[in-house]
Amino acid sequence: MNLCVFLLCVGAMLPNKEEKKKPVDYVNPFIGTKSMGHTFPGACVPYGAVQLSPDTENVPHNIDGVYQQDAYRYCAGYQYDDPTIVGFSHTHLSGTGHSDLGDILLMPMVGDVKLLPGSAERPEEGYRSRFSHEQEKASPGYYEVMLQDYDIKVQLTATERVGIHKYTYPAGKREGHVIVDLLHGIYNYEGKVLWANLRVENDTLLTGYRITRGWARTNYTYFAVTFSKPIKNYGHENFEEVKYRGFWRRFDEKNNFPEMGGRGIVAFFDFDLQGSPELEVKVALSCVSTEGALKNLQAEVSGLNFEQLAIKAREKWNKSLSVIEAQGNEDQLSMLYTSLYHTMINPSVYMDVDGQYRGVDHMIHQASDFTNYTVFSLWDTYRALHPLFNVMNRQRNQDMVKSMLAHYQQSVHKALPVWSHMGNENWCMIAYHGVAVVADAVAKGIELDKTLVLEAMKNSSNVSYYQDTRDYVEKGYVPVDKDGNGASITLENAYDDWTIYQTARMLGNKDMAEEYGKRALSYRNLFDDRLGFARPRLSNGSWKEPFDPLNTHGEGFIEGNSWNYSFHVAHDVNGLIRLMGGEKRFVERLDSLFTMHLPEKYYADTEDITEEGLMGNYVHGNEPSHHVLYLYAWTSQPWKTQLRVREVMNRMYRNRIDGLCGNDDCGQMSAWYIFSALGFYPVCPGTNQYVLGAPYLPYMKIYLENGHSFEVRAPKVSDRNRYVKSVKLNGKPYEKAYITQQDIQAGGILEFEMGSKPERDRIYSDDNKPYSLTR
């Protein structure tokens, strides 16, 4: 299929003026690629192992052990404001605040071969190239750009395990080159590559692997590369100091030698362009072996050309995005479907087509009854992403939880994942939120091995050497003099312990439920009655002095301050209200959180909190506060949730390149948006409840896996009509402050009558308020 036919096929899939646009047409992959979003614009398919995307800079994570602050901007490898592209690598994390990967970078070029990337200021000194956004396009499963220094058009698409490149070199050029850089990486540093190997199997096939030591401490990436043209000539440079070469010194390894090995391998391959200026390159990845990469290559792309694969990628995305049908204006629908798109990148498949995968024990395992996944950013995603999967993608979430349980079984620590990727635990962030994801799955009716679930939860919560768990169990809090994040750890552990209590109770283990019910109240040990805030304690039981509840740095709270973290008691909101001095004081404190001014000095030293993610002192750009807007449901003023949520959605989610106010964090920020657009939110994962707010759009419909559908109707909703006057479920008045998983799974219609003024008399009775551990 030639380019003209491809364009006709894609054109046939795009809407004309009379045809209704499809969900895939609304997605804007550039949202979040500037500033804080840390998303990438490249090609992938839903939950695919390959994320093939341009990298615009290669700032190292550290130089001689000194952290380089600019590296933070490149968590996804791409920043919209950059003028050059370094190349196109095959693995990326979406929206994270720390990073890794950028494996197996390819870059086409013409002219003199250069094996170092050069600089943005002087790209001509290396293989990188200038580019313009006027000649750049992206849509789900497809990316295109013109490399201006070489006049090469690059097109990218992907399958689950294969990245597909199409390079159109300038007409009249006799020879083109492809750089394969096995030294490049995101959050790179000298010594990150432990070893790389590349073999030229024949004139169109390469195989190899590299092992890196980054956020994933031992990351194996195997690959197989095929070219649509025969290799004419090739060579490489090893940019490391080699002190011993053995009898390899017999060979001229740098030129047309079919095996390359080292820690600094950058290779080039020359191609004859006289017959055609086009070159297709297919790069299959595996976490197991080069044999696995070859199997993936054969299974997913054999016999298919770029145009066919690009259409298949688009169709996969449209099918996945069609789980939601919605009405709204162009910007609203673009934000909605882009958010849904961002929830379908991570976690990602981490196994070959034959079911083999590398476990956290670095042994090769066979997945028999589930698909194995990786990239579990659980400090973020337990809050809304996994609950969203429990609504609209239950089979995948079952497999994800089974992947987490397999991680537990393979772990020498006997712990569920904390933050894991590529067969590694990287221990990022705090608490043991793997238990929350498992608990929510159980509460939402996902079928799991109940004995294994309770065993994994119990052991994960008792790893004594992890974040001072021993003191937490014995004292009921983590002393801040032993762990600088002790206050946050205590609050988040208490919630996790509640999820264990809840699961044990549901599964009939009374002794375990009693033990963890007590642990779940540990949050009380941090509340200073005099201040009405959570406050860090020292080992001797005394309060931390001095203490500033506004400071987000150095006060015992990670990526947040006491003002925000004091509301981190989603499992016992009634108990929290009493600790804060009663409902009147609680509401006053909530109101102040959203309206007060937080001077910059209080967050200047905290990398993940910036002004664009703040509403008063409320930090929406970071996850610990995401549930706080919904806490008014436990009070006599639930209408304030309806007021605040819409304000956040209007201000902090916009259809523009800098449209995200914080790191998207593997889809958590986007999942919050989707739930809030529906008009409800999982304040306390581990219950079957979703707390009501107000819909953002006049109509949304979820197509459920069980064949039912769930509709949310609010025909009069607008920025003016943001307040709920009444609610009906399946035509009957609905007076509860929440709906349940069972309500949704049964299918039906949730209908909101909206108005322009708060319904101050619309107060939920105690029996109809959401869950709380104490009453």
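The legends below describe close-up views of a predicted model. Local features need pLDDT of at least 70 and side-chain atom pairs count only at pLDDT 80 or more, while totals for chains, interfaces and linings use all residues. Residues are numbered from 1 along each chain as its sequence is written, and side-chain values use heavy atoms, with hydrogens and water left out.

**View 1. Salt bridge between E492 and R383.** A salt bridge is a side-chain nitrogen of Lys or Arg within 4 Å of a carboxyl oxygen of Asp or Glu; the count by this rule is 40. The N to O distance for E492 and R383 is 3.9 Å. This pair links distant parts of the chain, 109 residues apart: E492 lies in helix α12 (residues 486-506), and R383 in the loop between α6 (378-381) and α7 (385-392). Helices (H or I, at least four residues) and strands (E, at least two) are DSSP runs, numbered from the N terminus. Both E492 and R383 are buried. Buried means under 20% relative accessible area, exposed over 50%, and partly exposed in between (1.4 Å probe, protein chains only).

**View 2. Salt bridges of E144 and D658.** E144 pairs with K153, their closest N and O atoms being 3.9 Å apart. E144 is buried, at 12% relative accessible area. In the bridge between D658 and R656, the closest N and O atoms are 2.6 Å apart. D658 is buried at 18% relative accessibility, whereas R656 is partly exposed at 37%. Elsewhere, R122, E124, E125, R130 and D149 are joined into one network by salt bridges that share partners.

**View 3. Surroundings of Q689 in strand β33 (residues 689-692).** Q689 is buried, with 13% relative accessibility. Its side chain reaches the backbone nitrogen of Y771 at 2.8 Å. Not counting residues up to four places away in sequence, Q689 touches P682, Y738, I739, P770 and Y771 (contact: heavy atoms within 4.5 Å).

**View 4. Open sheet of six strands with mixed pairing.** The strand order is β20-β34-β35-β39-β36-β37, where two strands pair if DSSP finds at least two bridges between them. β20 (324-327) and β37 (732-733) stand at the edges; each has a single partner strand, so one side of each lacks a neighbour in the sheet. Helix α5 (residues 330-342) packs on the sheet and touches β20 and β34 (699-703). The direction of α5 makes about 165 degrees with that of β20; axes are lines fitted to C-alpha atoms, for helices over the stretch in contact, and angles run from 0 to 180 degrees between N-to-C directions.

**View 5. Antiparallel strands β36 and β39.** Six bridges join β36 (residues 723-729) to β39 (residues 748-755). L729 has L750 of β39 as its bridge partner.

Technical notes
Polar contact = N/O pair within 3.5 Å; in protein donor to acceptor, adjacent residues only side chain to side chain.
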